[in-house]
Amino acid sequence: MERIIKVSIFEFAIMWASSFYINKYSDFDLKCDVLSRNLGVLFDSYVLRLNGKPENIQLYIDYLKAENFRIH
């Protein structure tokens, strides 16, 4: 299954760069292509193409939400 999502994060003092969290996709047995990346001082956004099992995609999305990413 393929799914395209837009995610963003607004953090004043982030412990790790947002790409650290985005790059955890391999832990969920997914293939992820970054279609777009917009990195700023306080706000980062990405457009991701995820390929994998639907349940793994949902687990990855839930992980990003738990790390304060907003899913659009």
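How many aromatic pairs does the structure hold? There are 5 aromatic pairs in this one, and since we're looking at a predicted model, take what follows in that spirit.

## Aromatic pairs

Let's start with one of those pairs. F20 and Y21 meet edge-to-face, with 5.3 Å from centre to centre and 85° between the planes. That angle is over 60 degrees, so the pair gets the edge-to-face label rather than stacked or tilted.

The two partners sit in different burial classes. Y21 has a relative accessible area of 10%, under the 20% limit, so Y21 counts as buried. F20 comes out at 32% relative accessibility, between 20% and 50%, and therefore counts as partly exposed. F69 joins in as well: F20, Y21 and F69 make up one aromatic cluster.

## Overall fold

Stepping back, the protein chain has 2 helices and 4 strands, and along the sequence they run β-α-β-β-α-β. With a radius of gyration of 11 Å, close to the 11 Å that the globule rule gives for 72 residues, the chain is as compact as a globular protein of that length.

As for outer dimensions, the C-alpha atoms fill a box of roughly 35 × 20 × 20 Å along the principal axes. Contacts reach across the sequence too: of those in the protein chain with a separation of 6 or more, 69% are between residues 24 or more positions apart.

## The nonpolar core

Which residues touch the most other members of the largest nonpolar core? That core has 17 residues, and the ones in question are V7, I22, L48, L50, Y60, L64 and F69. At least two core residues come from each of β1 (2-10), α1 (18-22), β3 (43-51) and α2 (54-66). The largest share belongs to α2, which supplies 5 residues.

F69 is worth a second look, as it turns up both in this list of core residues and in the aromatic cluster with F20 and Y21.

## Around L48

L48 is another residue from that core list. Which residues is L48 in contact with, leaving aside its neighbours within four places in sequence? Its partners are R3, I4, I5, V7, I22, C32, D33, V34 and Y60. Three of these, V7, I22 and Y60, are also named with L48 among the core residues that touch the most other members.

## Inside and outside

Of the 72 residues in the protein chain, 32% are buried. On the outside, the chain exposes about 4700 Å², with carbon and sulfur atoms supplying 53% of that area.

Conventions: Residues are numbered from 1 along each chain as its sequence is written. This is a predicted model: local features need pLDDT of at least 70, side-chain atom pairs count only at pLDDT 80 or more; totals for chains, interfaces and linings use all residues. Side-chain values use heavy atoms; hydrogens and water are left out. Rings of Phe, Tyr and Trp (its six-membered ring) pair if their centres lie within 6.5 Å; planes under 30 degrees apart count as stacked, over 60 as edge-to-face and the rest as tilted. Buried means under 20% relative accessible area, exposed over 50%, partly exposed in between (1.4 Å probe, protein chains only). A nonpolar core is a set of buried Ala, Val, Leu, Ile, Met, Phe, Trp, Tyr and Cys residues joined through side-chain atoms within 4.5 Å. Contact means heavy atoms within 4.5 Å. The radius of gyration is taken over C-alpha atoms; the globule rule is 2.2 Å times the number of residues to the power 0.38. Accessible areas come from the Shrake-Rupley method with a 1.4 Å probe; for residues, only the protein chains shown count as cover.
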